[in-house]
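Thanks for making time this morning. I would like to walk you through a few local features of one model, so please keep the sequence and the structure in view while I talk.

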Amino acid sequence: MNPSRALYTAAQMRRVDAAAGATLGLSGAALMQRAAEAAFDALCRRWPSALRITVCCGSGKNGGDGYLLARIARQAGRDVSVIALTPPQDPDAQAAADAWRASGGFLHPFAGATSLPAADVYVDALYGIGLNRPLQGAAVALVEALNASGVPILALDIPSGLSADTGAVLGACVRAAATVSFIAWKRGQHTGAGTDTCGELELASLQLPSTVFDEEPAGAALLEWETLRTRLPARRRDVHKGLYGHVLAIGGDQGYGGAIRLAGEAALRSGAGLVSVATQEEHLAPLLAARPELMVAATAGPQELDALLGKVTTLALGPGLGQRSWGHALWHRALASAKPAVLDADALNLLARHPRRFTSPTVLTPHPAEAARLLASDSASVQTNRYAAALAIAERYSAVVVLKGAGSLIAAPGRAVAVCPWGNPGMASGGMGDVLTGVVAALLAQGLDAWDAACLGAAAHARAGDIAAADGAGLLAADLFAPLRRVLGGRTHG
């Protein structure tokens with residue numbers, strides 16, 4: 001696994017640190033010095049005119065990084081203040097604090113927001129990656145004062161109050177303008193609340209060779225677009241639509257025709273050769289008028305669906321399906337066909353009510369509330385540990401899972417979790433999940449296995465959303481159609 005894409009837990013990082021010491025002879029103090037130098041370099045690049053710097057130091061190694069950064073900044077001519085809530089308890093941090101004092105620096109007491117020294121940049125070196133509980137007492141007051149200051153905050157390794165392992169906020173949490181991650185990325189930086197609290201992320205490898213990771217499989221990694229894009233073979237010129245699969249989109253109960261139309265058109269825009277839609281009769285005319293390339297069939301019940309199932313290669317099941325008797329009956333018949341499938345929306349809610357393990361290639365695309373139903377849990381618990389939730393769903397249902405949200409996760413039994421680094425807040429709007437369903441179904445239809453279809457589909461969907469968002473506010477799900485063609489298309493042989 002590429003170390004620059006791998007995502008590690010706090011426990012793994014401690015073992016990597018130990019490996020660096022054992023194999024390279026690097027002391028903890030030497031690593032601390034490298035971290036401080038990298039952090040100061042990032043601060044100067046981001047805020048070159050910052051002359052007043054206040055560093056907030058904790059008692060552990062993260063605090064030691066902060067003391068050394070303060071010393072470097074003071075030597076560089078900056079006006080530096082240091083706040084230490086508690087004395088250093090780590091030997092290397094104690095040595096760093098001694099070096100700060102030996103350079104002429106002193107500690108400022110913190111007695112509430114009014115005692116916070118004025119600064120152009122605040123540095124969060126309070127707790128680092130080892131924190132696994134909510135902040136308490138003066139730490140809460142300090143974090144709240146930092147956040148309320150309106151001054152940019154640089155977090156060292158991870159914002160204090162954020163779980164490095166899960167991306168969940170543990171009560172009060174620093175909201176950084178930027179975070180410098182030391183040695184490798186942490187899982188919590190790239191999903192859930194971590195995508196907000198970290199601000200802009202940069203990685204400082206501290207000049208360690210990739211060999212320090214040899215004995216530590218990450219278990220999670222960021223998706224890499226150039227590698228993903230090659231999973232969809234370039235098209236030869238001598239082809240026909242029958243080579244690219246036939247998707248059947250099933251859904252659109254009364255009043256919900258828009259959802260199935262979005263899924264169907266997304267499948268077309270993502271390269272499926274043919275797309276049929278099984279829906280309520282009332283949606284036929286609107287769907288055909290809006291998108292005549294779709295083959296729309298009035299489907300009153302399972303008998304009508306049978307006639308379609310024999311002709312198709314892949315199912316997109318769930319958008320607008322509902323949970324009434326009509327949708328329930330189609331859901332049972334569709335899954336009985338054992339076709340490769342993507343399940344979303346009410347197909348997932350029905351699955352939660354009627355659990356089953358899949359034997360055919362299947363991708364589930366829940367948002368946190370749907371994930372909670374699949375686990376008989378609640379949304380807050382899912383968001384507390386998105387990695388564990390995605391893996392639990394994958395194991396329970398024997399399927400590939402795309403857990404949607406900031407930093408969407410792709411999980412499957414026995415595989416490292418993949419994390420999607422693209423997407424934007426504008427995509428939090430109705431219909432985006434229906435489009436994702438169509439994209440992944442189209443990739444399954446074109447011959448990708450469930451894992452590759454899920455990874456490439458989530459990535460293409462998010463990247464198309466980023467392109468569309470550049471046009472301004474009010475992003476609609478249908479705005480992704482043109483960018484999807486640009487993201488996935490345009491590759492031919494000969």
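Ala376 is exposed, with a relative accessible area of 70%, where exposed means over 50%, buried means under 20% and partly exposed lies in between, using a 1.4 Å probe and protein chains only. Before going on, I should say that this is a predicted model, in which local features need pLDDT of at least 70, side-chain atom pairs count only at pLDDT 80 or more, and totals for chains, interfaces and linings use all residues. Residues are numbered from 1 along each chain as its sequence is written, and side-chain values use heavy atoms, with hydrogens and water left out.

Ala376 sits in the loop between helix H13 (368–374) and helix H14 (379–384); helices here are DSSP runs of H or I with at least four residues, strands are runs of E with at least two, and both are numbered from the N terminus. Although Ala376 is not a glycine, its phi is positive, at about 55 degrees. Ala338, also not a glycine, has a positive phi of about 60 degrees, and its place is the loop between helix H11 (325–336) and strand S15 (341–343). At 43% relative accessibility, Ala338 counts as partly exposed.

Let me turn to helix H3. Its 15 residues, 61–75, should span 21 Å at 1.5 Å a residue, and the end C-alpha atoms are indeed 21 Å apart, the expected span being 1.5 Å times one less than the number of residues. Because 11 of those 15 residues are buried, H3 is largely enclosed by the rest of the structure; among the buried ones are Tyr67, Leu68 and Leu69. After H3 comes Gly77, with a positive phi near 95 degrees.

Tyr67 also appears among the residues that Leu107 touches, together with Val82, Ala84, Trp100 and Arg101, leaving aside residues up to four places away in sequence; contact means heavy atoms within 4.5 Å. Leu107 belongs to strand S4 (residues 107–108) and, at 34% relative accessibility, counts as partly exposed.

Finally, consider a pair of helices. How do the axes of H17 (residues 450–469) and H18 (residues 481–488) cross? They come within 8 Å and cross at roughly 125 degrees, the axes being lines fitted to C-alpha atoms over the stretch in contact, with angles from 0 to 180 degrees between N-to-C directions. The residues making this contact include Leu456 and Ile467 of H17, and Pro483 and Val487 of H18.
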